[in-house]
Amino acid sequence: MGTEALARLAEERVDHRFKGLPPDADGLTVGELAAQRRNLFTGGFATPVLALSAERLEHNLALMETYAARHGLAFAPHGKTSMAPQLFRQQIERGAWGITLAVPHQVRVARRFGVERVFLANELVDAAALKWISAELDADPGFRFVCYVDSVRGVELMDAALRGAARPLDVVVELGAGEGARTGVRTEAECAAVADAVAGTRTLRLVGVAGYEGEVPRADPERVHAWLRRLTALAADFDKAGRFAGLDEIVVSAGGSAWFDAVADVFTEIPGLSAPVLKLLRSGAYVSHDDGHYRQVTPFNRVPEEGALEPAFRLWAQVVSRPSPEQAFANAGKRDAAYDLDLPFAQVVRSGGVERPAAGITVTGLSDQHAWLRTGDGAALEVGDWVGLGLSHPCTSFDKWQLIPLVEADGTVVDYIRTFF
(Lines give C-alpha, C1' and ligand atoms only; values in the text may rest on other atoms or scores of the structure.)
Protein backbone atom coordinates (compact mmCIF):
# COMPACT_ATOMS: atom_id res chain seq x y z
CA MET A 1 0.00 0.00 0.00
CA GLY A 2 1.00 3.70 -0.04
CA THR A 3 4.49 3.56 1.40
CA GLU A 4 5.20 7.25 0.74
CA ALA A 5 2.10 8.40 2.62
CA LEU A 6 2.90 6.05 5.48
CA ALA A 7 6.50 7.29 5.61
CA ARG A 8 5.25 10.86 5.86
CA LEU A 9 3.48 10.00 9.11
CA ALA A 10 6.94 9.81 10.71
CA GLU A 11 7.64 13.36 9.50
CA GLU A 12 4.73 14.89 11.43
CA ARG A 13 5.80 17.22 14.24
CA VAL A 14 4.96 16.41 17.82
CA ASP A 15 3.09 19.24 19.52
CA HIS A 16 0.06 20.16 21.60
CA ARG A 17 -2.33 18.17 19.39
CA PHE A 18 -1.16 14.85 20.79
CA LYS A 19 -2.07 14.24 24.43
CA GLY A 20 0.11 12.18 26.71
CA LEU A 21 3.33 12.72 24.78
CA PRO A 22 6.39 14.23 26.52
CA PRO A 23 6.17 18.06 26.60
CA ASP A 24 9.90 18.25 25.90
CA ALA A 25 9.35 16.39 22.62
CA ASP A 26 7.61 19.37 21.02
CA GLY A 27 9.14 20.10 17.64
CA LEU A 28 10.59 16.63 17.12
CA THR A 29 9.18 14.57 14.31
CA VAL A 30 7.33 11.41 15.25
CA GLY A 31 10.17 9.43 13.71
CA GLU A 32 12.77 11.27 15.75
CA LEU A 33 10.84 10.69 18.95
CA ALA A 34 10.40 6.99 18.13
CA ALA A 35 14.14 6.68 17.48
CA GLN A 36 14.82 7.88 21.03
CA ARG A 37 13.06 4.75 22.34
CA ARG A 38 11.93 6.53 25.47
CA ASN A 39 10.45 4.62 28.37
CA LEU A 40 6.73 5.19 28.93
CA PHE A 41 7.21 5.53 32.69
CA THR A 42 10.48 7.45 32.94
CA GLY A 43 10.72 9.24 29.58
CA GLY A 44 8.60 12.28 30.32
CA PHE A 45 5.18 11.04 29.17
CA ALA A 46 2.28 12.84 30.82
CA THR A 47 -0.83 11.18 32.19
CA PRO A 48 -3.30 10.20 31.01
CA VAL A 49 -1.62 8.23 28.25
CA LEU A 50 -2.92 5.28 26.25
CA ALA A 51 -0.42 2.52 25.45
CA LEU A 52 -0.69 -0.25 22.86
CA SER A 53 1.33 -3.38 23.61
CA ALA A 54 3.71 -4.22 20.77
CA GLU A 55 3.90 -7.90 21.70
CA ARG A 56 0.15 -8.37 22.10
CA LEU A 57 -0.60 -6.54 18.88
CA GLU A 58 1.79 -8.86 17.04
CA HIS A 59 0.20 -11.90 18.69
CA ASN A 60 -3.32 -10.85 17.66
CA LEU A 61 -2.32 -10.08 14.08
CA ALA A 62 -0.63 -13.46 13.72
CA LEU A 63 -3.48 -15.38 15.35
CA MET A 64 -6.21 -14.06 13.06
CA GLU A 65 -4.03 -14.47 9.98
CA THR A 66 -3.61 -18.13 10.90
CA TYR A 67 -7.28 -18.56 11.79
CA ALA A 68 -8.53 -17.18 8.48
CA ALA A 69 -6.10 -19.30 6.48
CA ARG A 70 -6.97 -22.44 8.44
CA HIS A 71 -10.66 -22.01 7.66
CA GLY A 72 -10.30 -20.99 4.02
CA LEU A 73 -11.57 -17.46 4.62
CA ALA A 74 -10.51 -14.26 2.92
CA PHE A 75 -10.09 -11.54 5.54
CA ALA A 76 -11.06 -7.89 5.32
CA PRO A 77 -10.71 -6.68 8.92
CA HIS A 78 -12.97 -3.80 9.86
CA GLY A 79 -10.83 -0.67 9.77
CA LYS A 80 -13.33 1.48 11.68
CA THR A 81 -11.94 -0.13 14.83
CA SER A 82 -8.59 1.61 14.63
CA MET A 83 -8.66 3.98 11.63
CA ALA A 84 -4.89 3.57 11.76
CA PRO A 85 -3.22 3.18 8.34
CA GLN A 86 -0.10 1.74 9.97
CA LEU A 87 -2.27 -1.09 11.32
CA PHE A 88 -4.03 -1.44 7.96
CA ARG A 89 -0.61 -2.03 6.43
CA GLN A 90 0.24 -4.70 9.00
CA GLN A 91 -3.10 -6.41 8.45
CA ILE A 92 -2.61 -6.47 4.69
CA GLU A 93 0.96 -7.69 5.09
CA ARG A 94 -0.55 -10.46 7.21
CA GLY A 95 -2.58 -11.66 4.22
CA ALA A 96 -5.74 -9.56 4.49
CA TRP A 97 -7.69 -9.31 1.21
CA GLY A 98 -8.40 -5.66 1.95
CA ILE A 99 -9.99 -3.44 4.60
CA THR A 100 -13.64 -3.16 5.60
CA LEU A 101 -14.96 0.33 6.33
CA ALA A 102 -18.28 1.90 7.26
CA VAL A 103 -18.57 5.48 5.91
CA PRO A 104 -17.12 7.47 2.98
CA HIS A 105 -14.65 9.47 5.07
CA GLN A 106 -13.01 6.24 6.16
CA VAL A 107 -12.67 5.23 2.51
CA ARG A 108 -10.92 8.52 1.78
CA VAL A 109 -8.42 7.79 4.56
CA ALA A 110 -7.80 4.29 3.25
CA ARG A 111 -7.29 5.50 -0.30
CA ARG A 112 -4.91 8.25 0.86
CA PHE A 113 -2.73 5.49 2.25
CA GLY A 114 -2.98 3.23 -0.77
CA VAL A 115 -5.52 0.59 0.25
CA GLU A 116 -6.50 -1.13 -3.00
CA ARG A 117 -9.49 -3.19 -1.81
CA VAL A 118 -12.31 -1.77 0.29
CA PHE A 119 -15.49 -3.48 1.45
CA LEU A 120 -17.96 -0.88 2.71
CA ALA A 121 -20.18 -2.73 5.18
CA ASN A 122 -22.94 -0.19 4.88
CA GLU A 123 -25.39 1.30 2.42
CA LEU A 124 -24.09 4.27 0.45
CA VAL A 125 -26.55 6.73 -1.09
CA ASP A 126 -24.71 10.04 -0.67
CA ALA A 127 -24.30 11.49 -4.16
CA ALA A 128 -21.10 13.42 -3.43
CA ALA A 129 -19.42 10.36 -1.92
CA LEU A 130 -20.58 8.13 -4.77
CA LYS A 131 -19.18 10.51 -7.36
CA TRP A 132 -15.84 10.60 -5.55
CA ILE A 133 -15.65 6.80 -5.30
CA SER A 134 -16.61 6.50 -8.96
CA ALA A 135 -13.79 8.87 -9.89
CA GLU A 136 -11.39 6.74 -7.83
CA LEU A 137 -12.53 3.61 -9.67
CA ASP A 138 -12.19 5.27 -13.06
CA ALA A 139 -8.71 6.60 -12.25
CA ASP A 140 -7.31 3.39 -10.76
CA PRO A 141 -8.04 0.08 -12.52
CA GLY A 142 -6.52 -1.75 -9.53
CA PHE A 143 -9.01 -0.31 -7.02
CA ARG A 144 -11.74 -2.76 -5.92
CA PHE A 145 -14.73 -1.38 -4.03
CA VAL A 146 -17.82 -3.25 -2.83
CA CYS A 147 -20.74 -1.92 -0.76
CA TYR A 148 -24.17 -2.95 0.50
CA VAL A 149 -27.55 -2.28 -1.06
CA ASP A 150 -30.81 -3.02 0.75
CA SER A 151 -33.59 -1.12 -1.02
CA VAL A 152 -34.90 -0.30 -4.48
CA ARG A 153 -34.90 3.38 -3.51
CA GLY A 154 -31.25 3.13 -2.55
CA VAL A 155 -30.43 1.57 -5.91
CA GLU A 156 -32.25 4.42 -7.67
CA LEU A 157 -30.28 7.05 -5.77
CA MET A 158 -27.00 5.30 -6.49
CA ASP A 159 -27.82 4.96 -10.16
CA ALA A 160 -28.68 8.65 -10.45
CA ALA A 161 -25.41 9.70 -8.79
CA LEU A 162 -23.27 7.38 -10.90
CA ARG A 163 -24.53 8.23 -14.38
CA GLY A 164 -21.59 8.58 -16.74
CA ALA A 165 -19.20 6.42 -14.73
CA ALA A 166 -16.77 4.36 -16.79
CA ARG A 167 -16.82 1.43 -14.34
CA PRO A 168 -19.87 0.00 -12.60
CA LEU A 169 -19.81 -0.02 -8.83
CA ASP A 170 -19.88 -3.49 -7.25
CA VAL A 171 -22.66 -4.13 -4.72
CA VAL A 172 -23.86 -6.96 -2.53
CA VAL A 173 -27.42 -7.34 -1.28
CA GLU A 174 -27.45 -7.07 2.50
CA LEU A 175 -29.68 -9.62 4.19
CA GLY A 176 -31.04 -8.22 7.43
CA ALA A 177 -30.45 -10.22 10.59
CA GLY A 178 -34.12 -10.24 11.56
CA GLU A 179 -37.07 -8.08 12.48
CA GLY A 180 -35.98 -5.16 14.61
CA ALA A 181 -32.32 -5.64 13.65
CA ARG A 182 -30.23 -3.00 11.95
CA THR A 183 -29.98 -2.42 8.18
CA GLY A 184 -30.60 -5.07 5.56
CA VAL A 185 -33.45 -6.56 3.52
CA ARG A 186 -35.91 -8.47 5.69
CA THR A 187 -37.19 -11.16 3.29
CA GLU A 188 -35.79 -13.20 0.42
CA ALA A 189 -38.50 -11.89 -1.89
CA GLU A 190 -37.42 -8.32 -1.15
CA CYS A 191 -33.79 -9.36 -1.72
CA ALA A 192 -34.80 -10.50 -5.21
CA ALA A 193 -36.51 -7.18 -5.86
CA VAL A 194 -33.38 -5.26 -4.87
CA ALA A 195 -31.27 -7.54 -7.06
CA ASP A 196 -33.67 -6.93 -9.98
CA ALA A 197 -33.29 -3.19 -9.45
CA VAL A 198 -29.50 -3.51 -9.60
CA ALA A 199 -29.75 -5.56 -12.78
CA GLY A 200 -31.82 -2.78 -14.32
CA THR A 201 -28.95 -0.29 -14.06
CA ARG A 202 -25.70 0.13 -15.98
CA THR A 203 -23.96 1.81 -13.09
CA LEU A 204 -24.11 -1.05 -10.57
CA ARG A 205 -23.00 -4.68 -10.69
CA LEU A 206 -24.34 -7.34 -8.31
CA VAL A 207 -21.40 -9.42 -7.07
CA GLY A 208 -22.79 -11.25 -4.04
CA VAL A 209 -24.61 -11.17 -0.73
CA ALA A 210 -23.58 -10.12 2.77
CA GLY A 211 -24.78 -9.26 6.25
CA TYR A 212 -23.85 -9.00 9.89
CA GLU A 213 -24.71 -11.90 12.16
CA GLY A 214 -23.94 -9.84 15.27
CA GLU A 215 -27.36 -8.21 14.85
CA VAL A 216 -29.33 -11.48 15.04
CA PRO A 217 -31.97 -10.91 17.75
CA ARG A 218 -31.30 -12.90 20.94
CA ALA A 219 -28.17 -14.24 19.31
CA ASP A 220 -27.02 -17.70 20.32
CA PRO A 221 -25.17 -20.37 18.32
CA GLU A 222 -28.36 -21.92 16.95
CA ARG A 223 -29.92 -18.63 15.80
CA VAL A 224 -26.66 -17.31 14.34
CA HIS A 225 -26.01 -20.53 12.42
CA ALA A 226 -29.58 -20.47 11.10
CA TRP A 227 -29.25 -16.90 9.85
CA LEU A 228 -25.89 -17.60 8.22
CA ARG A 229 -27.48 -20.54 6.39
CA ARG A 230 -30.16 -18.15 5.13
CA LEU A 231 -27.37 -15.94 3.80
CA THR A 232 -25.55 -18.76 2.01
CA ALA A 233 -28.85 -20.11 0.65
CA LEU A 234 -29.60 -16.66 -0.75
CA ALA A 235 -26.26 -16.71 -2.57
CA ALA A 236 -27.07 -20.14 -4.01
CA ASP A 237 -30.56 -19.05 -5.08
CA PHE A 238 -29.24 -15.90 -6.75
CA ASP A 239 -26.65 -17.97 -8.58
CA LYS A 240 -29.21 -20.53 -9.73
CA ALA A 241 -31.31 -17.68 -11.10
CA GLY A 242 -28.34 -16.44 -13.15
CA ARG A 243 -27.88 -13.23 -11.19
CA PHE A 244 -24.10 -13.73 -11.02
CA ALA A 245 -23.56 -14.62 -14.68
CA GLY A 246 -20.22 -13.45 -16.01
CA LEU A 247 -18.53 -12.88 -12.65
CA ASP A 248 -15.01 -14.07 -11.94
CA GLU A 249 -15.93 -14.54 -8.27
CA ILE A 250 -19.00 -14.35 -6.06
CA VAL A 251 -18.76 -12.49 -2.74
CA VAL A 252 -20.35 -13.96 0.39
CA SER A 253 -19.46 -11.92 3.46
CA ALA A 254 -20.25 -11.83 7.17
CA GLY A 255 -18.36 -11.85 10.40
CA GLY A 256 -18.01 -9.51 13.32
CA SER A 257 -15.83 -10.20 16.34
CA ALA A 258 -18.32 -12.26 18.36
CA TRP A 259 -19.37 -15.05 15.96
CA PHE A 260 -16.60 -15.61 13.44
CA ASP A 261 -16.46 -19.29 14.47
CA ALA A 262 -20.05 -19.67 13.28
CA VAL A 263 -19.13 -17.92 10.02
CA ALA A 264 -16.25 -20.34 9.55
CA ASP A 265 -18.57 -23.29 10.20
CA VAL A 266 -21.33 -22.27 7.81
CA PHE A 267 -19.11 -20.92 5.04
CA THR A 268 -17.53 -24.35 4.68
CA GLU A 269 -21.01 -25.56 3.65
CA ILE A 270 -21.35 -23.18 0.68
CA PRO A 271 -22.03 -25.39 -2.35
CA GLY A 272 -20.19 -25.08 -5.63
CA LEU A 273 -21.49 -22.04 -7.50
CA SER A 274 -20.97 -20.83 -11.05
CA ALA A 275 -17.80 -18.96 -10.02
CA PRO A 276 -15.34 -19.25 -7.13
CA VAL A 277 -16.70 -17.84 -3.86
CA LEU A 278 -14.82 -15.12 -1.98
CA LYS A 279 -15.71 -16.04 1.61
CA LEU A 280 -15.01 -12.72 3.23
CA LEU A 281 -14.68 -12.37 7.00
CA ARG A 282 -14.75 -8.84 8.44
CA SER A 283 -13.86 -9.04 12.16
CA GLY A 284 -11.99 -5.93 13.35
CA ALA A 285 -11.85 -5.69 17.14
CA TYR A 286 -9.26 -8.47 17.34
CA VAL A 287 -6.41 -6.09 16.50
CA SER A 288 -6.30 -4.76 20.06
CA HIS A 289 -8.97 -6.99 21.65
CA ASP A 290 -10.05 -5.71 25.10
CA ASP A 291 -10.47 -6.44 28.80
CA GLY A 292 -14.26 -6.33 28.82
CA HIS A 293 -16.91 -6.96 26.19
CA TYR A 294 -14.78 -8.75 23.61
CA ARG A 295 -12.91 -10.74 26.24
CA GLN A 296 -16.33 -12.15 27.16
CA VAL A 297 -17.79 -12.71 23.69
CA THR A 298 -14.76 -13.76 21.63
CA PRO A 299 -15.33 -17.03 19.77
CA PHE A 300 -12.00 -18.28 21.09
CA ASN A 301 -13.83 -18.87 24.39
CA ARG A 302 -15.82 -21.54 22.52
CA VAL A 303 -12.86 -22.92 20.58
CA PRO A 304 -9.88 -22.49 22.96
CA GLU A 305 -7.89 -25.06 21.02
CA GLU A 306 -7.60 -22.47 18.21
CA GLY A 307 -5.82 -19.92 20.40
CA ALA A 308 -6.69 -16.81 22.38
CA LEU A 309 -6.56 -13.10 21.68
CA GLU A 310 -4.77 -10.82 24.14
CA PRO A 311 -5.93 -7.36 25.29
CA ALA A 312 -3.35 -4.91 23.96
CA PHE A 313 -4.54 -1.59 25.39
CA ARG A 314 -3.71 -0.10 28.78
CA LEU A 315 -4.67 3.43 29.78
CA TRP A 316 -2.35 4.94 32.37
CA ALA A 317 -3.80 7.58 34.69
CA GLN A 318 -2.43 9.24 37.79
CA VAL A 319 -4.06 9.53 41.18
CA VAL A 320 -4.63 13.24 41.77
CA SER A 321 -6.91 13.15 44.81
CA ARG A 322 -7.47 10.81 47.77
CA PRO A 323 -10.21 12.52 49.76
CA SER A 324 -11.11 9.53 51.93
CA PRO A 325 -9.94 5.97 52.68
CA GLU A 326 -12.73 4.66 50.43
CA GLN A 327 -12.28 7.00 47.50
CA ALA A 328 -9.64 8.23 45.05
CA PHE A 329 -9.67 10.09 41.76
CA ALA A 330 -7.41 9.58 38.74
CA ASN A 331 -6.96 12.03 35.89
CA ALA A 332 -8.54 10.04 33.04
CA GLY A 333 -12.20 10.24 32.15
CA LYS A 334 -14.71 10.00 29.32
CA ARG A 335 -12.44 11.98 27.00
CA ASP A 336 -9.76 9.33 27.38
CA ALA A 337 -11.38 5.95 28.08
CA ALA A 338 -14.01 3.83 26.37
CA TYR A 339 -17.13 3.65 28.52
CA ASP A 340 -20.03 2.84 26.17
CA LEU A 341 -20.04 -0.90 26.99
CA ASP A 342 -18.24 -1.14 30.33
CA LEU A 343 -16.31 1.12 32.67
CA PRO A 344 -12.52 0.71 32.69
CA PHE A 345 -10.98 -1.95 34.91
CA ALA A 346 -8.23 -1.14 37.40
CA GLN A 347 -5.48 -3.68 36.71
CA VAL A 348 -2.16 -2.50 38.13
CA VAL A 349 -0.63 0.29 40.20
CA ARG A 350 2.85 1.74 39.65
CA SER A 351 4.42 3.44 42.64
CA GLY A 352 8.10 4.27 42.97
CA GLY A 353 8.87 2.34 39.82
CA VAL A 354 7.32 -0.86 41.18
CA GLU A 355 4.21 -2.39 39.61
CA ARG A 356 1.66 -4.39 41.60
CA PRO A 357 -1.88 -5.69 41.08
CA ALA A 358 -4.62 -3.13 41.69
CA ALA A 359 -6.12 -5.17 44.51
CA GLY A 360 -9.14 -3.58 46.14
CA ILE A 361 -9.50 -0.83 43.51
CA THR A 362 -12.63 -0.52 41.39
CA VAL A 363 -13.62 2.11 38.83
CA THR A 364 -17.17 3.15 39.74
CA GLY A 365 -17.70 6.05 37.34
CA LEU A 366 -16.19 8.51 34.90
CA SER A 367 -16.46 12.26 34.68
CA ASP A 368 -15.10 14.12 31.67
CA GLN A 369 -11.54 14.06 33.04
CA HIS A 370 -11.72 11.96 36.20
CA ALA A 371 -12.01 8.28 37.00
CA TRP A 372 -13.87 7.60 40.24
CA LEU A 373 -12.06 4.90 42.18
CA ARG A 374 -13.48 2.96 45.10
CA THR A 375 -10.70 1.72 47.35
CA GLY A 376 -11.25 -1.18 49.73
CA ASP A 377 -9.24 -2.50 52.64
CA GLY A 378 -5.62 -3.02 51.71
CA ALA A 379 -5.70 -0.72 48.67
CA ALA A 380 -2.48 1.17 49.42
CA LEU A 381 -3.07 3.93 46.91
CA GLU A 382 -1.49 7.36 47.17
CA VAL A 383 -1.66 10.64 45.31
CA GLY A 384 0.90 10.47 42.50
CA ASP A 385 0.59 6.72 41.87
CA TRP A 386 -0.07 5.59 38.31
CA VAL A 387 -3.03 3.26 37.74
CA GLY A 388 -3.10 1.04 34.66
CA LEU A 389 -6.66 0.62 33.36
CA GLY A 390 -7.98 -2.07 31.08
CA LEU A 391 -10.64 -0.97 28.59
CA SER A 392 -13.76 -2.42 27.02
CA HIS A 393 -14.62 -1.84 23.32
CA PRO A 394 -11.65 -1.05 21.07
CA CYS A 395 -13.72 1.02 18.63
CA THR A 396 -14.34 3.72 21.22
CA SER A 397 -10.80 3.54 22.59
CA PHE A 398 -8.84 4.26 19.42
CA ASP A 399 -11.03 7.23 18.53
CA LYS A 400 -10.04 9.23 21.61
CA TRP A 401 -6.32 9.24 20.75
CA GLN A 402 -4.64 10.65 17.64
CA LEU A 403 -1.16 9.31 18.38
CA ILE A 404 -0.77 6.16 20.46
CA PRO A 405 2.56 4.93 21.83
CA LEU A 406 3.41 1.37 20.80
CA VAL A 407 5.10 -0.03 23.88
CA GLU A 408 7.21 -3.10 24.52
CA ALA A 409 6.83 -5.10 27.72
CA ASP A 410 9.66 -3.27 29.48
CA GLY A 411 8.07 0.12 28.77
CA THR A 412 10.17 1.03 25.74
CA VAL A 413 8.14 3.04 23.22
CA VAL A 414 9.13 1.79 19.76
CA ASP A 415 6.62 3.60 17.54
CA TYR A 416 3.53 5.81 17.51
CA ILE A 417 0.26 4.79 15.86
CA ARG A 418 -1.58 7.63 14.09
CA THR A 419 -5.37 7.46 13.91
CA PHE A 420 -7.77 9.37 11.64
CA PHE A 421 -11.27 9.87 13.01
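**Sheet, helices and local backbone features**

Helix α9, which spans residues 221-240, lies across strands β6, β7 and β8, and its direction runs at about 165° to that of β8. This arrangement, like everything described below, belongs to a predicted model.

The strands crossed by α9 are members of an open sheet of 8 strands, in which the order is β2-β9-β8-β7-β6-β5-β4-β3 and the pairing is parallel. The edges of this sheet are formed by β2 (74-75) and β3 (99-101), each of which has a single partner strand, so that one side of each is left without a neighbour in the sheet. Within the sheet, strand β8 (residues 250-254) is joined to strand β9 (residues 277-281) by 5 bridges in the parallel sense, and in this pairing Ser 253 of β8 has Leu 280 of β9 as its bridge partner. Helix α7 (residues 152-161) also packs on the sheet, where it touches β5 (144-149), β6 (169-174) and β7 (204-210), and its direction makes an angle of about 145° with that of β5.

Helix α9 is further associated with helix α8 (residues 188-199), since the axes of the two helices come within 11 Å and cross at roughly 45°. An angle between 35 and 65 degrees counts as neither roughly parallel nor roughly perpendicular, and α8 and α9 are therefore oblique to each other. The crossing of these two helices is right-handed. On the side of α8, the contact is made by Glu 188, Cys 191, Ala 192 and Ala 195, while α9 contributes Arg 230, Leu 234 and Phe 238. Sorted by class, the residues in the contact of α8 with α9 comprise 5 that are nonpolar and 2 that are charged, with no polar residue.

A further set of pairings involves strand β1 (residues 49-53), which is mostly covered, 5 of its 5 residues being buried. Both faces of β1 share in this cover, as Val 49, Ala 51 and Ser 53 on one side and Leu 50 and Leu 52 on the other are all buried. With strand β10 (residues 313-324), β1 pairs in the antiparallel sense over 4 bridges, and Leu 52 stands opposite Phe 313 of β10. With strand β17 (residues 403-407), by contrast, β1 runs parallel and is joined by 2 bridges, Leu 406 being the bridge partner of Leu 52 in β17. Leu 52 thus has a partner in β10 as well as one in β17.

Several local features of the backbone can be added to this picture. Most peptide bonds are trans, and most residues other than glycine have a negative phi. A cis peptide bond, however, joins Thr 47 and Pro 48, with an omega of about -5°, and Pro 48 is found in the loop between α2 (30-35) and β1. Arg 218, although it is not a glycine, has a positive phi of about 50°, and its place is in the loop between β7 and α9. A positive phi also occurs at His 393, where the value is about 85° although this residue is not a glycine, and His 393 lies in the loop between β16 (386-390) and α12 (395-398). As regards accessibility, Arg 218 is exposed, with a relative accessible area of 63%, whereas His 393 is buried, with a relative accessible area of 13%.

Definitions and conventions. Residues numbered from 1 in each chain as written. Predicted model: local features only at pLDDT ≥ 70, side-chain atom pairs only at ≥ 80, totals over all residues. Heavy atoms only, no water. Buried < 20%, exposed > 50% of the residue type's maximum accessible area, 1.4 Å probe, protein only. Pairing = 2+ DSSP bridges. Contact = heavy atoms within 4.5 Å. Axes fitted to C-alpha atoms, helices over the stretch in contact; angles between N-to-C directions. Parallel < 35°, antiparallel > 145°, perpendicular 65-115°, else oblique. Left-handed = near helix turned anticlockwise from the far one by under 90°. Nonpolar A, V, L, I, M, F, W, Y, C, P; charged D, E, K, R; others polar.
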